[in-house]
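Hello,

Here is the structure I said I would pass on. Please look it over before reading my notes underneath.

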Amino acid sequence: MPKNKIKSHKGLKKVLNVRDGGSISIGHPGTRHNTGKKNAASNRCGRKASNLSSADANRFKKVQF
């Protein structure tokens, strides 16, 4: 039994989401705040989640989230 538990990374936990099939979804950047000055098309596109790339998914496998 390890002495210390591995803590989950709170920053990744807030941003990433694991889907049922195992793929990881992530939101689009630039949609958190100051959206009033951006055009409506970019705000609409930002609502939809996108898939995390396989290279980034391999980097995050060791991190708990």
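Below is what I found, starting with the sheet, then the core, then one serine.

Please keep in mind that this is a predicted model.

The sheet is open and has three strands, ordered S1-S2-S3, with antiparallel pairing. Strand S1 (16–18) and strand S3 (50–51) are at the edges; each has a single partner strand, so one side of each is left without a neighbour in the sheet. As background, strands of a sheet pair through backbone hydrogen bonds, either parallel or antiparallel. Here, strand S2, residues 24–26, is joined to S3 by two bridges, and the two run antiparallel. In S3, Asn51 is the residue that stands opposite Ser25.

The largest nonpolar core consists of six residues, namely Leu12, Leu16, Ile24, Leu52, Ala57 and Phe60. Leu16 is worth selecting in your viewer. Apart from neighbours within four places in sequence, Leu16 contacts Ile24, Ser25 and Ile26, as well as Leu52, Phe60 and Phe65. Of these, Ile24, Leu52 and Phe60 are also members of the core.

The serine is Ser42, in helix H2, which covers residues 40–47. Is Ser42 buried, partly exposed or exposed? Its relative accessibility is 34%, so Ser42 counts as partly exposed, given that buried means under 20% and exposed over 50%. The side chain of Ser42 makes a polar contact of 2.8 Å with the side chain of Asn39. Thr31 lies eleven residues from Ser42 along the chain, and the C-alpha atoms of the two are 8.7 Å apart.

Regards

Conventions
Residues numbered from 1 in each chain as written. Predicted model: local features only at pLDDT ≥ 70, side-chain atom pairs only at ≥ 80, totals over all residues. Heavy atoms only, no water. Helix = DSSP H or I, 4+ residues; strand = E, 2+ residues; numbered from the N terminus. Buried < 20%, exposed > 50% of the residue type's maximum accessible area, 1.4 Å probe, protein only. Polar contact = N/O pair within 3.5 Å; in protein donor to acceptor, adjacent residues only side chain to side chain. Pairing = 2+ DSSP bridges. Core = buried A, V, L, I, M, F, W, Y, C linked by side-chain atoms within 4.5 Å. Contact = heavy atoms within 4.5 Å.
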